[in-house]
Amino acid sequence: MERFGEEEIVEPVSPTGQYLTSSSLSVYILGVLETEVPIDDSQTVPLLQNLFLPINSRFSSIMIRDKNGEKKWKKVEVKLEDHIKVPTFPTGKSSNFLYDEYLDEYMSTIAVEQLPQHRPLWELHIIKYPTSNAMGTLVFKLHHALGDGFSLMGALLSCMQRADKTSLPFTLPSSQRPQSTSNTNAVFERLPSMFSLAFRTMSEFGWSLLKSNLIEDDQTPIRSCAEDIKLRQITISDVSFSLDLIKEVKSKLGVSINDVLAGVIFFGIRLYMQQINLKSSKSQSTALVLLNTRNIEGYKSVKEMVDKSNSSAKWGNQYAFLHVPIPELSDSKYANPLEFIWETHKEMIKKKNSLATLLTGMLLDMLRKLRGHEAAARYLHTTLRNSSTTISNIIGPVEQMAVANLPIKGFYFMVAGSPESLTITIMSYMGKIRIAFGVEKDFIDKQLFKSCLENSLEMIMEAARKISA
């Protein structure tokens, strides 16, 4: 990594950004946009120049070290042609040939490739071949140090327009949060709950410490425990559900959409594990659920996110992990899979009603100050490696997106570079829920895993509809 003089400093790399570009971790985000019509890439360079690069200086900066060894962002001249990749696939056997297998192989390859450090840490891959899902595919590959899903989704929306009415803003699903009230009597009334909060916090924080340092998940059909993750290949697939179906279960059970989705995923995971190895359906397995720590509702404009005075919605990596045990698959839960949702709901409430994530963040920061970024990155790597999967979630717009009159038919994302055999992401867009999963190649059967997720929702829907209104 190049060194430079003080006069060239643009801004320091955030602590989390340094963890994600360490010798222990190098994590990327792949944003996949499926187009409704064939791609005309003649306007790609001016669009990137005029829309993408101005969003944030990080898109035109490289990461280098100052004289003290601290990583900084240094702005450079961007040669856009170096960042645009247009692959050529073998010619199909017929005019209506679909290139799904070629796209899958290409995605697997770029997911594990490291981006060159001498230019800004992003690429745009333009796949001008039809698949069963789309007429063409755009893949943005960005290093996670540039920002988290919230930041990058906000950036994407700033480049897009509504396909139906370009002058109108996008509509995003929102949730109503209860307004809190405070008075002197309420403080005394809350004393018992404050003691309960303290107990929950210490319990959850202690468990988090054990999981991050001493207790590994069992080796199972979704956790290979392979040592050298740099040689590990992944393959990516996905499954789509109607958001209305998820809402139907939500209203029947009185839980959140995220509770339903987590329950569907956990039940699907256990169904897969049972198919491969019957005993593994009761093994100890944990999911790391990523939680956006910004105290906001909906996306903010890019101008608001890059405003340094706006601490509630600032650009960057603002998230925390929740250690959520994946419920075991017993005979009773197989007969009534709704128990997966109820159990997950209780677990999420318990963890969100503690300050364990805050303490974990403080611990990581203290470790960074005392022993350096590499030590903090190793701690984060071990936390990931000791678990079985990571689940992250991004909310997309209700309306169809378009860029340069190119309608976007489908949208999902994937996180690559984690030391786990299974990574799961959730994306909502145009009334659909897209669950994507990156699996260790030649270890997890992606077709069987997809089938188990589909069976999970089907069985959960069947059970929910038996509940009287």
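**Figure 1. Overview of the chain.** Of the contacts in the chain with a separation of 6 or more, 78% are between residues 24 or more positions apart. The model shown here is predicted. Its secondary structure comes to 15 helices and 16 strands. The chain has 469 residues, and buried residues make up 52% of them. About 22500 Å² of the chain is exposed, and carbon and sulfur atoms supply 53% of that area.

**Figure 2. A salt bridge between helix 15 and helix 4.** The structure holds 19 salt bridges, and one of them joins the side chains of Lys-446 and Asp-104, with N and O 3.4 Å apart. This pair links distant parts of the chain, as the two residues are 342 residues apart. Lys-446 belongs to helix 15, which covers residues 446–464, and Asp-104 belongs to helix 4, which covers residues 100–112. Is each partner buried or partly exposed? Lys-446 is buried, since its relative accessible area is 15%, whereas Asp-104 counts as partly exposed at 29%.

**Figure 3. A salt bridge between strand 9 and strand 16.** Asp-238 and Arg-434 form a salt bridge in which the closest N and O atoms are 2.5 Å apart. Asp-238 is found in strand 9 (residues 234–242) and Arg-434 in strand 16 (residues 432–440). With their positions 196 residues apart in sequence, the pair links distant parts of the chain. Asp-238 has a relative accessibility of 12% and counts as buried. Arg-434 also counts as buried, at 8% relative accessibility. Which residues make up the network of salt bridges seen in this view? Glu-34, Asp-238 and Arg-434 are linked in that network.

**Figure 4. A salt bridge within helix 12.** Here Lys-351 forms a salt bridge with Glu-347, and the closest N and O atoms are 3.4 Å apart. Both residues lie in helix 12, which covers residues 338–352. They are four residues apart, which corresponds to about one turn of the helix. Lys-351 is buried because its relative accessibility, 6%, falls under 20%. The value for Glu-347 is 16%, and this residue likewise counts as buried.

**Figure 5. A nonpolar patch on the surface, formed by Leu-355, Leu-358 and Met-362.** Together, the three residues have about 290 Å² of accessible area. Where is Leu-355 found? Leu-355 is in the loop between helix 12 and helix 13, the latter covering residues 356–371. The relative accessible area of Leu-355 is 41%, so this residue is partly exposed.

**Figure 6. The surroundings of Leu-364 in helix 13.** Leu-364 counts as buried, at 15% relative accessibility. Which residues does Leu-364 touch, not counting residues up to four places away in sequence? They are Tyr-19, Ala-376 and Tyr-379. The view also includes Ala-377, which is 13 residues from Leu-364 in sequence. In space, the two residues are 8.8 Å apart, C-alpha to C-alpha.

**Figure 7. The surroundings of Ser-208 in helix 7.** Helix 7 covers residues 191–213, and Ser-208 has its place there. With a relative accessible area of 8%, Ser-208 is buried. When residues up to four places away in sequence are not counted, Ser-208 touches His-323 and Thr-360.

**Figure 8. Arg-385 and the backbone of Cys-225.** Arg-385 is in helix 14, which covers residues 373–385. This arginine counts as buried, at 15% relative accessibility. A polar atom of the Arg-385 side chain lies 3.1 Å from the backbone oxygen of Cys-225.

**Figure 9. Two buried cysteines, Cys-159 and Cys-452.** How many disulfides does a search of the whole structure find? The search finds zero. Cys-159 is buried, with a relative accessible area of 15%. Cys-452 is buried as well, and its relative accessible area is 3%.

Conventions. Residues are numbered from 1 along each chain as its sequence is written. This is a predicted model: local features need pLDDT of at least 70, side-chain atom pairs count only at pLDDT 80 or more; totals for chains, interfaces and linings use all residues. Side-chain values use heavy atoms; hydrogens and water are left out. A salt bridge is a side-chain nitrogen of Lys or Arg within 4 Å of a carboxyl oxygen of Asp or Glu. Buried means under 20% relative accessible area, exposed over 50%, partly exposed in between (1.4 Å probe, protein chains only). Patches are made of residues with over 30% relative accessible area and no salt bridge: like charges are joined within 9 Å, nonpolar side chains (Val, Leu, Ile, Met, Phe, Trp, Tyr) within 5 Å. Accessible areas come from the Shrake-Rupley method with a 1.4 Å probe; for residues, only the protein chains shown count as cover. Contact means heavy atoms within 4.5 Å. A disulfide is a pair of cysteine sulfur atoms within 2.5 Å. A polar contact is a pair of N or O atoms within 3.5 Å; within protein, one must be able to donate a hydrogen and the other to accept it, and residues adjacent in sequence count only if both atoms are side-chain atoms.
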